[in-house]
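Me: I should like to learn how to read the place where two chains meet. Could you guide me through it, beginning with the strands?

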Protein chains: 2
Amino acid sequence: MFFPGSSKRLGMADELQKGLEGVLVAESEMSDIDGEAGRLVYRGYDIEDLARETTYEEVLYLLWHGDLPDSDELADFADAMAAERAVDDRVFDTLAALGEAGESPMAALRTGVSMLSTDEPEADAEPEDLAAARRKGRRIVAKIPTVLANYDRLRRGEDPVEPREDLGYAANFLYMLTGAEPDDVAAETFDMALILHADHGLNASTFTAMVIGSTLADLYSAVTGGIGALSGSLHGGANQDVIETLLEIEESDLTAQEWIEQQVANDARIPGWGHRVYKTKDPRAKILEAKLSDLSEADGDDQMLRYTSTIENYLVEEKNLIEKGIAPNVDFYSGAVYHKLGISADTYTPIFAMSRAGGWIGHVLEYQAENRLIRPRGRYTGPSPRDVPPIDER
Amino acid sequence: MFFPGSSKRLGMADELQKGLEGVLVAESEMSDIDGEAGRLVYRGYDIEDLARETTYEEVLYLLWHGDLPDSDELADFADAMAAERAVDDRVFDTLAALGEAGESPMAALRTGVSMLSTDEPEADAEPEDLAAARRKGRRIVAKIPTVLANYDRLRRGEDPVEPREDLGYAANFLYMLTGAEPDDVAAETFDMALILHADHGLNASTFTAMVIGSTLADLYSAVTGGIGALSGSLHGGANQDVIETLLEIEESDLTAQEWIEQQVANDARIPGWGHRVYKTKDPRAKILEAKLSDLSEADGDDQMLRYTSTIENYLVEEKNLIEKGIAPNVDFYSGAVYHKLGISADTYTPIFAMSRAGGWIGHVLEYQAENRLIRPRGRYTGPSPRDVPPIDER
């Protein structure tokens, strides 16, 4: 193979970069992670400040434009997005058919988002047209909750609920999902969860979206690909595991304390603990823990909070896990939070995708602004040249 | 960010690898390209030998298993695949709705393939189960022609045609597309075109499929992502450009000679010439040129062949382009070939995807056998830590 000058220039052309670990592929102004300090920032703003002081719509604007919107900019952006929430009936028809057949919500979301390109009014805009690309991104993000919430309804045999323009992004999702307007604590909690998951540096699904975008494919292809990558068990599936664990305690005869002691004695894996980057408590986990407490107070049911607190206390106080760099991650609390919001466990990863779509789109827009096709090299290690034998001599 | 040892080990952690050009991400036994010699091999076999002496089914078996099948293995593989060609009616319903709305065939294929996971009988197989993964791959490849050919029918307002098990892979596609069994030259030509596009080292769509597969996402997600990447104008769209050029000559008052002289005089881009890797005539172009000649002889219409020959003669003889490393690539002939087979121009890239799905699946299976999550690094270049201003102070 011929790659002009690459081996000389890099001095590393023959070294296999497994998983591309540590290989610097792009610069980005979007988010930064300090795993030692347990810190995540979006464009310089601490994730905890953003979660407490802004909405998901403001964070989307921030990620895509570089700065937080003022009130006029926010109103324009949020109103335009709210007006784009409806999807064509053909999407509901397809989702209903997928629901009857028992498709997983993550795969249904992948199909549903792929269908959304059909109604893109600016499909012919040039890839260089950043303003048009942002509007396309806004349309996708506007419609994902409509697809996801209504898939959950349709598979339960219920009629779809049309989105409401007068509700915030998070509240509208919960409204469509349940058919009832959520209370303030629920809406605020869900909004925070969306903010916390909106971006996280260069993870595998974000990189997938960037590779697709680097061919100048459209955002629908990039987001559909990101959903596919996030569906993998090495990437997006862990918050579902946590709630299954907590429900296992509920169904057992054990107290949470007895259960966690038994798990540790059996050397069992504890879902929601440890993170590739964070070596201390994930900043997103801290915020969701506080909201789990708020939700428990609001509905007078603190069972999940007691479970998570008992497990955390035991692992931190008795087992010193945080000193060993193993701490609760965002999934440890998001599962319990979503459970209290009445969301099915197999919809947690699709919700992650719904939120992260904002990050995927931001990274694709940023990358395409100085685009270069992403195409690493493979090394052929197969057979030497050989002749094709006739079929009766094989 | 913390990446253990990477900067020391690689000595390159701070060097931006634009487009990952030259960065070695994987070893593969599947295909090798010698751009200087104009040579492409699949597992050691020259692409020209494979095109002339085997079928697409044999090449799929070769790519996925490492060796060409004997007659029993081929019969088992091809029969099983033929039996899996039918898709559920819900896929046709969705395609019909997309067709009514005027969706592009490439986007419709992305949605249609995404839907196929709904009927995967081994969805719960472990990612490590290579035999199950191959069967999943076989089901996807079996069904893509049914999706694509019938999308073309449905958007024309025609009824879908069910696949026929008794026809070969290529012939069955043309049968569904046109409703009539193709003659031998057409079937053989299309089979060759599928073989020629089945794999091509580590291109952007193959890499996309591998990144998605590296999260242990399923093959439906990987192939859907590959289709998205191939839809980008920097990757898969060129053969459509070629035929549009040739039809432009037909509609003009110019001869092909006059037209190409004018294009060159105007310094216009000539689609189908030049290739990132091949610096001499693309081996795939040679084979398709011969088949274009066969097709022209069979139907007594050599207009397209005269156009391509005139252009090629002029650019090679008068302009010495091949000496400058610019030669006809596969797209220069595939467009004319597909045109003569009666296929719409906007279906050429989807046909590329149909064929390349075999390569995508092979690379994902190969990569997952020694899997490592693909996750390069980004460098944060955004604002320093800052406080969130209240909205009325922004």
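Reply: In this predicted model, strand E5 (residues 377-380) of chain A pairs with strand E1 (residues 24-28) of chain B. The two run in the parallel sense, and the pairing extends over four bridges.

Me: Which residue of E1(B) stands opposite A:Arg379?

Reply: B:Glu27 stands opposite A:Arg379. With the chains exchanged, A:Glu27 forms a salt bridge with B:Arg379, and the closest N and O atoms are 2.9 Å apart. That distance qualifies because the cut-off for a salt bridge is 4 Å.

Me: How many salt bridges are there between chain A and chain B?

Reply: The count is 10 salt bridges. For polar contacts, the rule finds 57 residue pairs across the interface of chain A and chain B, with both residues at pLDDT 80 or more.

Me: Which helix gives the largest share of the side of chain A that touches chain B?

Reply: Helix H11 (residues 219-230) of chain A gives the largest share, with six residues. Sorted by class, this side of chain A has 46 nonpolar, 33 polar and 29 charged residues.

Me: How many residues does the contact take from each chain, and what area is buried between them?

Reply: The contact takes 108 residues from chain A and 109 residues from chain B. About 9800 Å² is buried between the two chains, and carbon and sulfur atoms give 57% of this area. Of the area that chain A buries against chain B, 8% is supplied by A:Leu24, A:Arg375 and A:Arg386, more than any other three residues supply.

Key: Residues numbered from 1 in each chain as written. Chains lettered and ligands numbered in written order. Predicted model: local features only at pLDDT ≥ 70, side-chain atom pairs only at ≥ 80, totals over all residues. Heavy atoms only, no water. Contact = heavy atoms within 4.5 Å. Buried area = accessible area lost by both parts, 1.4 Å probe. Salt bridge = Lys/Arg side-chain N within 4 Å of Asp/Glu carboxyl O. Polar contact = N/O pair within 3.5 Å; in protein donor to acceptor, adjacent residues only side chain to side chain. Nonpolar A, V, L, I, M, F, W, Y, C, P; charged D, E, K, R; others polar. Pairing = 2+ DSSP bridges.
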